[in-house]
Structure formats: structure tokens, C-alpha cells
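Biologist: Hello! I am new to this protein, so could you show it to me and walk me through it?

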Amino acid sequence: MQTGRPSAKYGVTDALVIGYGNDLRTDDGAGRWVAAQIEALELPGVEVRSLAQLTPELSLDVAGREVVIFVDASVDATEVTVQGVDAEPTGPKTMTHHGDPATLLSLVPTVGALPPRAYVVSIPATNLEMALELTTATQAAASEAVGRIVELLAASRS
């Protein structure tokens, strides 16, 4: 994935897409698959991260962005969903092994400015067994998620 901080080629928006999950556990890798697809599009000013999990260090990459999009598989989702996410209102929690987007966002003010817009894109997952390929249903949902993210990024430009 790209390294370093891109220039603001995206206009006034500095965008970061973070796909995460375990790509060795079938559908749990959907977020990382989406990240790879978004990166392949080479959208100007859009930086992409593909990670196994969210960790506190990621707050450094999130700080100062205009828009951040977290992408993950969810066994609770029945369709692709896009929801706004805010920092945990109770302040920073301790993130040790892994965390969630709201907790990560709560760490950002300790290192920089919170992004004005942050979203979670959830992709339905039905199979978390050990395997490298997404199931057919999750593959279709992940492809839909790519389109939704591109639309979200385009809308955030205006």
C-alpha cells in the first residue's frame, strides 16, 4: 500500500481509506480486498491502508484528514452499510491488541486534528473459516462497497 502522506491532489479533501480484517479467514478479508481495489483505482489524493487490525499507531495517519473511511466485514450486517462514526464520547480508551473505529478516533486528538468526516463501511460476512477466498455473496457485497466508497469520496469533494 502507499506510504507517506500524499499531497492534497484530491482538492480540499485529504482522504484515507482503511480496509482491515484477517484475509486468511475467508470473508473476514473483505475489508482488505476492498482496500486493494480502491488503491488500484489510483484516485487522486486518496491514500489507502490495508491492515489486519486497527492499532493506536494508526491515529497518526488519521489525524488531520478531511475524510476517513473504515472498511470491514461484519457478521451482523445483512447488506453493505455506510454509517458515520464519531470518536467515543467518553474520551480515549486503551487500545491494546485491536480496536474499533470510534475508539481509534478518540485517540486522534492527542496527536492532531480529528477528521470532520469519518465513516464505517460494513460488508456482510457469513464464513470466517480458514481460507483465502471470499464467498460469492461477500465478493458481490465487497464489489458493491467499492462503488459506494468511490461515490462517498466523490461527494466529499463538493
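Modeller: Gladly! Contact here means heavy atoms within 4.5 Å. Helices (H or I, at least four residues) and strands (E, at least two) are DSSP runs, numbered from the N terminus. This is a predicted model, where local features need pLDDT of at least 70, side-chain atom pairs count only at pLDDT 80 or more, and totals for chains, interfaces and linings use all residues. Residues are numbered from 1 along each chain as its sequence is written, and side-chain values use heavy atoms, with hydrogens and water left out.

Biologist: What is the mean pLDDT of the protein?

Modeller: pLDDT is the predictor's confidence in each residue, from 0 to 100. Residues 1–12 fall below 50, while 85% of the protein's residues reach 70 or more. The mean is 87.

Biologist: In which order do the five strands form the open sheet?

Modeller: Two strands pair if DSSP finds at least two bridges between them. The pairing in this sheet is mixed, and β2 (46–51) and β4 (81–84) are the edge strands, each pairing on one side only. The order is β2-β1-β3-β5-β4.

Biologist: Which residue in β3 stands opposite G19?

Modeller: Strand β1 (residues 15–20) pairs with β3 (residues 67–74) in the parallel sense, over five bridges. Opposite G19 stands V71.

Biologist: Which strands does α4 touch?

Modeller: Helix α1 (residues 30–40) lies across β1, β2, β3 and β5 (117–124). Helix α4 (residues 136–157) also packs on the sheet, and the strands touched by α4 are β1, β2, β3, β4 and β5.

Biologist: How are α1 and α4 oriented to each other?

Modeller: Axes are lines fitted to C-alpha atoms, for helices over the stretch in contact, and angles run from 0 to 180 degrees between N-to-C directions. The two axes come within 9 Å and cross at roughly 45°. Angles under 35 degrees count as roughly parallel, over 145 as roughly antiparallel, 65 to 115 as roughly perpendicular and the rest as oblique. The helices are therefore oblique.
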